[in-house]
Amino acid sequence: MKVAVLGEVHANFRALSAALATVDAAGYDRLIFLGDLLTYGADVEETVDLVSKRLLDGRAVLLRGNHDAIYRDLLEGSSSYANELPNWIRESICWTRERLPASRRPALNTWSFSTCPTMAAEAEGASSSTMSAAQPGSS
């Protein structure tokens with residue numbers, strides 16, 4: 001089984017697109033996004049769209065990073081973790097959230113997050129459950 005692993009995208013669509021082109025050219029059976037898809041980078045909407053498209057093909061899974069947990073929490077009305085972060089990170093979170101159109105926010109809620117043991121079971125044909133791979137503050 002050929003496994004491709006990408007992480008720390010942080011809304012850098014150009015780098016993500018280039019990495020995915022390399023992965024596509026090499027071929028893969030499973031694509032693993034290690035999380036932290038948003039914050040810091042400028043390509044918020046494009047990143048959400050591209051990752052969402054890849055998750056729909058059945059070969060990709062997404063591990064929830066601490067930045068992914070931030071946006072999930074914000075969509076659920078909680079900002080306790082984000083409020084503990086330094087000002088410069090909170091500013092980036094606010095900037096990112098302002099650039100995530102309301103029409104794209106539901107995509108974040110539909111992303112199915114997995115853990116490493118779950119992915120191993122999926123690779124063997126078992127079903128998965130939704131869990132968080134990293135708790136806020138762990139990375």
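I will start in a loop: D36 lies between strand 2 and helix 2. Keep in mind that this is a predicted model. D36 has a positive phi, about 55°, although it is not a glycine. Is D36 buried or exposed? D36 is buried, with a relative accessible area of 4%.

There is another residue of this kind to look at. Y40 also sits in the loop between strand 2 and helix 2. Its phi is positive too, at about 80°, and Y40 is not a glycine either. Y40 has a relative accessibility of 39%, so it counts as partly exposed, whereas D36 is buried.

Now the chain as a whole. The protein chain has seven helices and four strands. What order do they come in along the sequence? The pattern reads β-α-β-α-β-α-α-α-α-β-α. The chain has 139 residues, and 43% of them are buried. Take the contacts between residues at least 6 apart in sequence: 76% of those join residues at least 24 apart.

Next, a pair of helices. Helix 1 covers residues 13-26 and helix 2 covers residues 44-56. Their axes are 9 Å apart, and the helices pack at an angle of about 25°. Angles under 35 degrees count as roughly parallel, and helix 1 and helix 2 are therefore roughly parallel to each other. Their crossing is left-handed.

Which residues meet where helix 1 packs on helix 2? Helix 1 brings F13, L16, S17, L20 and D24, and helix 2 brings E46, T47, L50, V51 and R54. Sorted by class, this contact has five nonpolar, two polar and three charged residues.

That leads to the core. In soluble globular proteins, nonpolar side chains tend to be buried together. Here, the largest nonpolar core has 29 residues. Those with the most contacts inside it are L16, L31, F33, L38, I70 and I93. Several elements give two or more residues to this core, among them strand 1 (3-6), strand 2 (30-33), strand 3 (60-63) and helix 3 (66-75). Which element gives the most? Helix 2 does, with five residues.

L16 is worth a second look, since we have met it already. L16 is one of the helix 1 residues that meet helix 2, and L16 is also among the residues with the most contacts inside the core.

I93 is another residue on that core list. Leaving out residues up to four places away in sequence, I93 touches T39, I70, Y71, L74, A82 and L85. I70, one of these, is itself on the list of residues with the most contacts inside the core.

Now to helix 5, where T96 is placed. T96 has a relative accessibility of 1%, so it counts as buried. What does T96 touch, not counting residues up to four places away in sequence? The residues are L38, T39, Y40, V44 and Y71. Y40 is the residue with the positive phi from the start of this talk. T39 and Y71 are in contact with T96, and both also touch I93.

Last, a residue at the surface. S103 is in the loop between helix 5 and helix 6 (105-110). At 55% relative accessibility, S103 counts as exposed. How far apart are S103 and E45 in sequence and in space? They are 58 residues apart in sequence, and 9.8 Å apart in space from C-alpha to C-alpha.

Key. Residues numbered from 1 in each chain as written. Predicted model: local features only at pLDDT ≥ 70, side-chain atom pairs only at ≥ 80, totals over all residues. Heavy atoms only, no water. Axes fitted to C-alpha atoms, helices over the stretch in contact; angles between N-to-C directions. Parallel < 35°, antiparallel > 145°, perpendicular 65-115°, else oblique. Left-handed = near helix turned anticlockwise from the far one by under 90°. Contact = heavy atoms within 4.5 Å. Nonpolar A, V, L, I, M, F, W, Y, C, P; charged D, E, K, R; others polar. Core = buried A, V, L, I, M, F, W, Y, C linked by side-chain atoms within 4.5 Å. Buried < 20%, exposed > 50% of the residue type's maximum accessible area, 1.4 Å probe, protein only.
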